[in-house]
Amino acid sequence: MIIQNLKKINLWIAFMAILSNYLAYTWWSDYLNLGYVFDGKHGITFSGESAYGHLIAISLLVLISNYFLIKSAINASKKN
């Protein structure tokens, strides 16, 4: 029964929620401790106002992915 409910929750939504939460945590902690955000893939450092775009975007992604994860979990539990 529990496994059937977990299958109803889209795993890609759970993956995106975990990944976005991890990235948001690391980017915000780097920005608050060091004062900049480092984009390791491209080797670019964003500081000051340039970092705000990255921080706002990742925070928005966290809100959206967590919303759909919770919504999917609630819908899976209601169908029992």
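1. Two strands are said to pair if DSSP finds at least two bridges between them, and the helices and strands themselves are DSSP runs, numbered from the N terminus, with H or I over at least four residues for a helix and E over at least two for a strand. With those terms in hand, phenylalanine 38 can be placed opposite threonine 45 in E2.

2. Please keep in mind that this is a predicted model, in which local features need pLDDT of at least 70 and side-chain atom pairs count only at pLDDT 80 or more, while totals for chains, interfaces and linings use all residues. Residues are numbered from 1 along each chain as its sequence is written, and side-chain values use heavy atoms, with hydrogens and water left out.

3. The chain contains three helices and two strands, and their order from the N terminus is α-α-β-β-α. Of the 80 residues in the chain, 24% are buried, where buried means under 20% relative accessible area, exposed means over 50%, and partly exposed lies in between (1.4 Å probe, protein chains only).

4. Strands E1 (residues 36-39) and E2 (residues 44-47) run antiparallel and are joined by four bridges. The two form a hairpin with four residues between them, and glycine 43 in the turn has a positive phi of about 70 degrees. Along E1 the side chains alternate, since Val37 and Asp39 point to one face and are buried, whereas Tyr36 and Phe38 point to the other face and are not buried.

5. Helix H2 has 24 residues and reaches 34 Å from its first C-alpha to its last, which is close to the 34 Å expected at 1.5 Å a residue; the expected span is 1.5 Å times one less than the number of residues. Its buried residues include Ile13, Ala17, Trp27 and Tyr31, and the buried residues of H2 pack against E1 and helix H3 (49-78). Just after H2, glycine 35 takes a positive phi of about 90 degrees.

6. Is aspartate 30 buried, exposed or partly exposed? This residue, which lies in helix H2 (residues 11-34), is partly exposed, with a relative accessible area of 29%. Leaving aside residues up to four places away in sequence, aspartate 30 touches Gly35 and Tyr36, a contact being heavy atoms within 4.5 Å.

7. Finally, for the chain as a whole, residues 24 or more positions apart account for 63% of the contacts with a separation of 6 or more.
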